[in-house]
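Work through the exercises below with the sequence and the coordinates side by side. Try each task before reading its solution.

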Amino acid sequence: MVMQVVKRFFITSMFMWILPVAILYGFQHDLFPGLKNLSPYTQTLLGGFLAVISVNVVIASYICMAMKEPSHKHEPDPTFVANAKASVNQTEPKSGGKEE
């Protein structure tokens, strides 16, 4: 299960880097049809805008995938929970303002 999460995160991270760079490269080297009529300034501006939008789409899709995962799959480790509760109960600060 942990490997699926790591794999999904790695793939999403790769898309977050590759997709905007590919879009910018495509706009700068006239790989998309219809770009020859645009000025270089407009190509750069449009390419940058679409690169930013592509990153946001990748992030939104990652969030949607994470929210669709069943919540019962993610149970905390009982030993960790017990140790955390013991730690919190052991180090409760004194109430009263100043420490002595």
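Helices (H or I, at least four residues) and strands (E, at least two) are DSSP runs, numbered from the N terminus. The model is predicted: local features need pLDDT of at least 70, side-chain atom pairs count only at pLDDT 80 or more, and totals for chains, interfaces and linings use all residues. Residues are numbered from 1 along each chain as its sequence is written, and side-chain values use heavy atoms, with hydrogens and water left out.

**Exercise 1. Fold and confidence**

Task: List the secondary structure elements of the protein in order, and state where confidence is lowest and highest.

Solution.
Step 1. Count the elements. The protein has three helices and zero strands.
Step 2. Read from the N terminus. The order is α-α-α.
Step 3. Check confidence with pLDDT, the predictor's confidence in each residue, from 0 to 100. The protein averages 85, and 87% of the residues score at least 70.
Step 4. Compare elements. Helix α3 (residues 78-90) is lowest, at a mean of 85, while α2 is highest, at 93.

**Exercise 2. Burial and surface**

Task: Determine what share of the residues is buried and which residues make the nonpolar surface patch.

Solution.
Step 1. Fix the classes: buried means under 20% relative accessible area, exposed over 50%, partly exposed in between (1.4 Å probe, protein chains only). Of the 100 residues, 12% count as buried.
Step 2. Take the exposed area, from the Shrake-Rupley method with a 1.4 Å probe; for residues, only the protein chains shown count as cover. The protein exposes about 8600 Å², and carbon and sulfur atoms supply 68% of that area.
Step 3. Define a patch. Its residues have over 30% relative accessible area and no salt bridge; like charges are joined within 9 Å, nonpolar side chains (Val, Leu, Ile, Met, Phe, Trp, Tyr) within 5 Å. A salt bridge is a side-chain nitrogen of Lys or Arg within 4 Å of a carboxyl oxygen of Asp or Glu.
Step 4. Name the members. Phe-10, Ile-11, Met-14, Phe-15, Met-16, Trp-17, Ile-18, Leu-19, Ile-59, Ile-63 and Met-67 make a nonpolar patch of about 1100 Å².
Step 5. Assign them to elements. Those giving two or more residues are α1 and α2. The most come from α1, with eight residues.
Step 6. Look at one member. Trp-17 sits in helix α1. Its relative accessibility is 65%, so Trp-17 counts as exposed.

**Exercise 3. Aromatic pairs**

Task: Find the aromatic pairs in the whole structure.

Solution.
Step 1. Set the criteria. Rings of Phe, Tyr and Trp (its six-membered ring) pair if their centres lie within 6.5 Å; planes under 30 degrees apart count as stacked, over 60 as edge-to-face and the rest as tilted. The search gives two pairs.
Step 2. Take Phe-9 and Tyr-62. The ring centres are 6.1 Å apart and the planes stand at 65°, so this pair is edge-to-face.
Step 3. Place both rings. Phe-9 belongs to helix α1 (residues 2-28) and Tyr-62 to helix α2 (residues 40-68), 53 residues apart. Tyr-62 has 25% relative accessibility and is therefore partly exposed.
Step 4. Take Phe-27 and Phe-32. Centres 5.2 Å apart and planes at 55° make this pair tilted. Phe-27 is buried at 6% relative accessibility, whereas Phe-32 is partly exposed at 36%.

**Exercise 4. The salt bridge**

Task: Locate the salt bridge and say which parts of the chain the pair links.

Solution.
Step 1. Recall the principle. Side chains of opposite charge can pair when their charged atoms come close.
Step 2. Search the whole structure. One salt bridge turns up.
Step 3. Identify the partners. Arg-8 and Glu-69 meet through their side chains at 2.6 Å, N to O.
Step 4. Place them. Arg-8 is in helix α1 and Glu-69 in the loop between α2 and α3, 61 residues apart.
Step 5. Check exposure. Arg-8 is partly exposed at 31% relative accessibility, and Glu-69 is partly exposed at 22%.

**Exercise 5. Two buried residues**

Task: Describe the surroundings of Pro-20 and Gln-43.

Solution.
Step 1. Start with Pro-20 in helix α1. At 11% relative accessibility, Pro-20 is buried.
Step 2. List its contacts (heavy atoms within 4.5 Å). Not counting residues up to four places away in sequence, Pro-20 touches Phe-15, Ala-51, Ser-54 and Val-55.
Step 3. Check the backbone. The C-alpha atoms of Pro-20 and Ala-51 are separated by 4.2 Å, with the two residues 31 apart along the chain.
Step 4. Turn to Gln-43 in helix α2. Its relative accessibility is 8%, so Gln-43 is buried.
Step 5. Leave aside neighbours within four places in sequence. Gln-43 then contacts Phe-27, Asp-30, Leu-35, Lys-36 and Leu-38.
Step 6. Inspect Asp-30, in the loop between α1 and α2. Asp-30 has a positive phi of about 50° although it is not a glycine.
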